[in-house]
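Dear colleague,

I am handing over the structure below, and the notes that follow it set out what was found. Please read them with the coordinates open beside you.

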Amino acid sequence: MVSESFVHACAGGAGGLVAMTATYPLMGISTRAAVDQSKNPGESLVKAITTVIAKEGITGLYDGLSSSLIGIGVTNFVYYFFFEAMREFILTSKRITRSSKAKLGALTTTESILSGLVAGITTALISNPIWVINTRQTVRVSQKDTTGANKVVARKSFLQTLHHIVEKDGVRALWKGIGPALVLVTNPVLQYTAFEQLKNWLVNIRQVSRSNTPAAAKPLLSDLDFFWLGALSKLIATSITYPQIVIKSRQQAMSNESSRDRKKVNVWSAMTEVVHNEGVGGLYRGISSKLLQSILTAAILFASKERIYKMTKAVLVHV
């Protein structure tokens, strides 16, 4: 018998692939804007997209897509596996300790946070190398030559980029930005906690409504419900944690050679440095495209993940 955690993990990974493919150009624009350390105001989203297309063609919007798909697949699989495993552990404990009084299927806010922390920390440690590769692929499109002019750098594949990083900077470079990445564990924690509580609130409303009407065969929550619940929960999480996304992207984009003259700084020092050099706005570079991409990705992910989960369960019943 396949475990519920594994089915959720597979559905989450597949849903992530669908969502990332649909919204990747927005992620690429956001990443480029985040690592831009100039004091010039950022371009509008439309201008940034047209600039990339003019310089690199349509394919420029998809630089790093392969590594991003690997990253989102691994990230979602690991996160959902550990989140659902923790969820099942907590609910099982509640059944044992409170028997029939346990509210099956629903986590409290504290329980959601605990499950999210365990899943998030595990995911960050495992998937960080993939996101380092993705960031390098996304932002290393041009470099200045000896005359100061920009020259196009040949795009490297996932394995070529991995080899280049390890050869030039060492294996430890694959965990660049792990500090802010661990801080960013709060993003999915906030997202899934908000999602769980909003979902529980909506389910309770629907149950009360149905108790006053004849029984209906329709499920309590539709695909559209999961879509907007995912969008709203991600909006809350990303709005709060975006400065850490900027810090992580900059650390991951930097090679050892470009950062060797800089002293090691912690997350707080990195944030104050950005504010000192670029103002508070520097911590929010690319936030418009990131919010749009994150909200759409989360909405598509939750809707498709739930649909894939139900389809997978239906198939397993007949196997």
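A residue is called buried here when its relative accessible area is under 20%, exposed when that area is over 50%, and partly exposed in between. By that definition, 46% of the 319 residues of the protein count as buried. Please keep in mind throughout that this is a predicted model.

As to the overall layout, the protein has eleven helices and two strands, and its elements run, from the N terminus on, α-α-α-α-β-β-α-α-α-α-α-α-α. Among contacts between residues at least 6 apart in sequence, 82% join residues at least 24 apart.

Two of the helix packings involve α1, and I describe them in turn. Helix α1 (residues 4-35) packs with helix α2 (residues 45-56) at an angle of about 95 degrees, their axes being 11 Å apart. Since angles of 65 to 115 degrees count as roughly perpendicular, that makes α1 roughly perpendicular to α2. On the α1 side the contact is made by Leu 26, Ile 29 and Arg 32, and on the α2 side by Leu 45, Ala 48, Ile 49, Val 52 and Glu 56. By class, the residues of this contact of α1 with α2 divide into six nonpolar, no polar and two charged.

The axes of α1 and α8 come within 8 Å and cross at roughly 80 degrees, which makes α1 roughly perpendicular to α8 as well. Here Ser 30, Ala 34 and Val 35 in α1 meet Tyr 242, Val 246, Ser 249, Arg 250 and Ala 253 in α8. The residues of the contact of α1 with α8 divide into five nonpolar, two polar and one charged.

Turning to internal space, a search of the whole structure finds two cavities of 30 Å³ or more. The largest cavity has a volume of about 850 Å³, and of the 36 residues that line it, the closest to its centre are Thr 75, Trp 131, Lys 234, Lys 248 and Lys 290. At least two residues of this lining are supplied by each of α1, α3 (65-98), α4 (109-139), α7, α8 (223-253) and α11 (287-317), with the largest share, eight residues, coming from α4. The lining of the largest cavity divides into 15 nonpolar, 18 polar and three charged residues.

The second largest cavity holds about 30 Å³ of space. Its lining consists of Pro 25, Gly 28, Ile 29, Arg 32, Val 52, Gly 60, Leu 61, Asp 63 and Thr 138, and α1 gives the most to it, with four residues. By class, this lining has four nonpolar, three polar and two charged residues. You may wish to view this cavity together with the first packing above, given that Ile 29, Arg 32 and Val 52 appear in the lining and also in the contact of α1 with α2.

Finally, a note on a single position, Leu 190, whose place is in helix α7 (residues 186-211). With a relative accessible area of 30%, Leu 190 is partly exposed, because that value falls between the limits of 20% and 50%. Leu 190 and Thr 238 are 48 residues apart in sequence, yet 8.8 Å apart in space, C-alpha to C-alpha. Leaving aside its neighbours within four places in sequence, Leu 190 is in contact with Ala 237, Ile 240 and Thr 241.

With kind regards

Note on methods:
Residues numbered from 1 in each chain as written. Predicted model: local features only at pLDDT ≥ 70, side-chain atom pairs only at ≥ 80, totals over all residues. Heavy atoms only, no water. Axes fitted to C-alpha atoms, helices over the stretch in contact; angles between N-to-C directions. Parallel < 35°, antiparallel > 145°, perpendicular 65-115°, else oblique. Contact = heavy atoms within 4.5 Å. Nonpolar A, V, L, I, M, F, W, Y, C, P; charged D, E, K, R; others polar. Buried < 20%, exposed > 50% of the residue type's maximum accessible area, 1.4 Å probe, protein only. 1 Å grid on protein atoms, 1.4 Å probe; cavity = no way out; pocket = protein on both sides within 12 Å on 5 of 7 lines; lining within 4 Å. Points joined across faces, edges and corners; volume = space filled by probe spheres on them.
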